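Q: Please take me through a close look at the sheets here and what lies around them. I am new to this structure, so explain each term as you go.

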Amino acid sequence: MRNEYLLQVDNLKTYFPIKKGLLRRTAGFVRAVDGISFAIRAGQTLGLVGESGCGKTTVARSIIRLVPATAGRVIFDQTDVLSADRAKLRQLRKQISLIFQDISGSLNPRMTVSSIIGEPLKVHKGMTGRQLNERVATLLCEVGLTPDHINRYPHQFSGGQRQRIGIARALALQPKLVIADEPTSAVDVSIQSQILNLLKDLQEKFALTYLFITHDLAVVEFFADYVAVMYMGRIVEQGPAAELYRNPLHPYTRTLLSAIPQVYIDDFRLTIDDCKPVLSEVEGSKIENQKSEIKPAGCTFGPRCPWRQNNCFKQMPQLQQICNHKGHFVACWKY
Amino acid sequence: MNRDEILLSVQDLSASFFTEDGVIRAVQNVSFSVSKGRTFALVGESGCGKSTIALSILRLVQQPQGKIVSGEIVFEGQNLLRLREKQMRQIRGNKIAMIFAEPMTSLNPVYTVGDQIAEAIKIHQKKNTNQASRKAGAQAWEDAVELLRTVGIANPEQRAHEYPHQLSGGMQQRVMIAMAISCEPKLLIADEPTTALDVTTGAAILDLLDELQKQNGMSILLITHDLAVVAERADDVAVMYASQIVEMADSQQLFAAPFHPYTRGLLRCLPRSSISNPRSRRLQTIPGAVPQPPPFPSGCKFHPRCRIGCNDNRCQTVEPELRQVQPGRYVACWHAPA
């Protein structure tokens with residue numbers, strides 16, 4: 001049954017060396033990604049959720065080798081990505097594209113829209129002239145912009161429109177997998193819902209598979225089929241979206257859910273109030289703030305966990321499936 | 001609106017920016033009041049003018065491009081717009097304090113956090129300023145450490161010696177809060193205090209502000225684009241669109257029954273409100289985008305995006321005024337329930 005997964009990530013680790021001293025010896029590692037495993041079926045959406053510093057962007061970059069992974073395997077469409085040679089990698093990169101959070105930073109301000117969207121087509125497919133212009137115009141229409149925007153520069157557009165340009169560029173080579181890294185964090189609420197609907201429509205139309213990375217649990221609930229919650233480089237809980245939201249098990253997931261402000265507080269929210277975020281404990285949850293060079297024993301969430309017990313500090317819990325809930329995994333000694 | 005004692009009253013405020021592209025009327029005829037001990041929220045999307053109102057209250061609007069064109073801002077019986085700069089400095093950071101969205105850019109990177117908090121204390125000290133400056137400095141430092149403790153920073157004696165870049169975003173925000181409350185202000189203006197923070201940190205920061213409000217009895221003017229934060233934390237709300245207030249009410253009333261189509265549209269856009277119909281897998285939206293001036297649409301500024309207004313002649317040509325439709329409820333819409 002392995003064939004039906006478009007992307008499989010297996011115990012991925014990405015460590016960044018901390019260099020100290022005059023000779024720049026490696027004193028330790030920042031364990032940005034510390035053993036992540038997940039799989040996405042073609043046509044589905046996996047939501048990778050976590051707060052800033054948990055390593056989710058590094059996961060995305062490791063998958064397409066923008067950053068060298070330290071260990072593990074990434075299999076895309078039956079091909080091993082991490083050990084692929086340059087030519088193979090170039091092929092793979094046509095099939096995986098990225099949408100970025102920093103809309104302004106990811107669009108070259110000195111290039112017109114047509115150049116920005118046309119660049120991948122020129123580089124990878126050698127398209128020129130009329131064929132190129134037609135393709136760019138088609139892409140602009142797909143994302144809700146009009147072809148007369150073709151010769152404008154990014155600064156002449158609103159935030160929501162710029163994100164649409166980024167999406168058009170991501171679609172240019174007809175990718176199979178789109179990694180969207182916080183695509184709606186920088187836009188207003190009313191634009192966010194437009195962009196999310198657009199992404200959904202494009203998914204249906206072009207049979208896209210999404211790896212949707214975000215900190216916004218409310219959006220993910222709506223958008224994703226499957227959700228994985230990350231904390232300090234590891235997945236602490238994962239499962240089908242509806243199941244995870246109905247029955248959040250890991251204390252960190254519960255903390256996240258109880259922290260989301262809501263307009264209408266419902267009973268469900270009251271049941272997860274046992275894990276309200278506490279200010280003094282929120283520190284030190286970013287990976288780059290890790291001061292120790294030695295890997296600490298025990299669960300990384302231990303210091304913040306309202307349910308912590310002795311054995312939580314001795315050994316790191318592994319992801320385990322919860323018996324009565326198929327596909328719902330949690331890494332916590334309580335279960 | 002509550003009949004409690006009014007601390008700040010903004011009356012018919014208008015502010016504009018004079019640029020090469022023309023005059024941008026960022027705030028037009030805005031009026032509202034903040035009562036003592038209560039939290040008033042100004043909510044709206046980017047560009048609606050809410051931050052400009054905050055800066056106008058403290059007279060920090062960038063000059064010469066920006067100018068407060070008309071109106072009055074009455075605080076404790078004084079019109080702030082008529083004060084001399086020297087008098088205004090007595091109020092800024094002292095009686096009215098402000099915290100900003102991006103703490104890293106609001107803190108001075110070359111001074112320790114302890115020094116920055118102590119600076120605020122020293123400047124606004126009401127005590128005898130003839131005391132030897134070293135002693136006053138030492139006292140201010142101790143006060144700064146205590147404030148760090150109050151805002152929940154562990155090991156404040158040590159942290160006070162650190163620089164802003166050594167702290168996480170949540171801690172930087174708390175340092176700003178410590179600076180802001182150092183002189184026990186009557187009014188705290190919080191401009192998007194949690195936008196740049198993680199959701200768990202943000203929730204904890206808002207809890208902290210609630211706690212401080214209970215202790216000090218200060219009023220909070222909360223500026224945000226996040227309706228959910230408003231629903232949880234504000235007592236009174238004004239919804240802004242394109243430089244004007246379109247709806248204003250007590251928070252509970254507003255969320256129980258929003259009147260203005262823009263308010264209703266925003267609430268529908270929230271992902272959680274679409275959960276009840278998961279099969280549809282589409283979020284509700286407000287078509288179009290916030291108008292970028294100049295120029296604004298004619299008539300009601302929201303009409304091009306409004307289901308009713310886009311077909312209604314009066315909405316297209318005549319601008320509705322903010323009027324009271326029920327005790328304490330104000331709406332600017334031709335189709336609001338009368």
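A: Let's begin with the vocabulary: helices (H or I, at least four residues) and strands (E, at least two) are DSSP runs, numbered from the N terminus. This is a predicted model, in which local features need pLDDT of at least 70 and side-chain atom pairs count only at pLDDT 80 or more, while totals for chains, interfaces and linings use all residues. Residues are numbered from 1 along each chain as its sequence is written, and chains are lettered from A and ligands numbered from 1 in the order in which they are written.

Let's look at chain A. One open sheet there has 8 strands, ordered E6-E7-E8-E3-E9-E10-E12-E11, with mixed pairing; two strands pair if DSSP finds at least two bridges between them. In general, such pairing runs through backbone hydrogen bonds, either parallel or antiparallel. Strand E6 (96–99) and strand E11 (320–321) of chain A each have a single partner strand, so they stand at the edges with one side left without a neighbour in the sheet. Strand E7 (residues 177–181) of chain A runs parallel to E8(A), joined by 5 bridges. Look for A:Ile179, whose bridge partner in E8(A) is A:Leu211. Packed on this sheet is helix H6 (residues 159–171) of chain A, which touches E6 and E7 of chain A. Touching here rests on contact, meaning that C-beta atoms placed from the backbone lie within 7 Å. The direction of H6 makes about 175° with that of E6(A), where axes are lines fitted to C-alpha atoms, for helices over the stretch in contact, and angles run from 0 to 180 degrees between N-to-C directions.

There is also an open sheet of 4 strands in chain A, antiparallel and ordered E2-E1-E4-E5. Strand E2 (25–41) and strand E5 (79–80) of chain A stand at its edges, each with a single partner strand, so one side of each has no neighbour in the sheet. Strand E4 (residues 71–76) of chain A and E5(A) pair antiparallel over 2 bridges, and A:Phe76 has A:Thr79 as its bridge partner in E5(A).

Some loops beside the strands deserve a stop too. Most residues other than glycine have a negative phi, and most peptide bonds are trans. A:Ala207 has a positive phi of about 50° although it is not a glycine. A:Ala207 sits in the loop between H7 and strand E8 (209–214) of chain A and is exposed, with 11 other C-beta atoms within 10 Å. A residue is exposed with 12 or fewer other C-beta atoms within 10 Å of its own, buried with 20 or more, and partly exposed in between, the C-beta atoms being placed from the backbone. In chain B, B:Ser243 has a positive phi near 80° and lies in the loop between strand E9 (236–241) and strand E10 (244–250). With 26 C-beta neighbours inside 10 Å, B:Ser243 is buried. The peptide bond from B:Gln63 to B:Pro64 is cis, with omega near 0°, and B:Pro64 is in the loop between helix H1 (50–57) and strand E4 (66–75) of chain B.

Finally, consider how the chains meet. 33 residues of chain A are in contact with 38 residues of chain B. Helix H7 (189–206), helix H8 (217–223) and helix H10 (251–259) of chain A give two or more residues each to chain A's side, and H7(A) gives the largest share, 8 residues.

Notes: Two residues are in contact if their C-beta atoms, placed from the backbone, lie within 7 Å.
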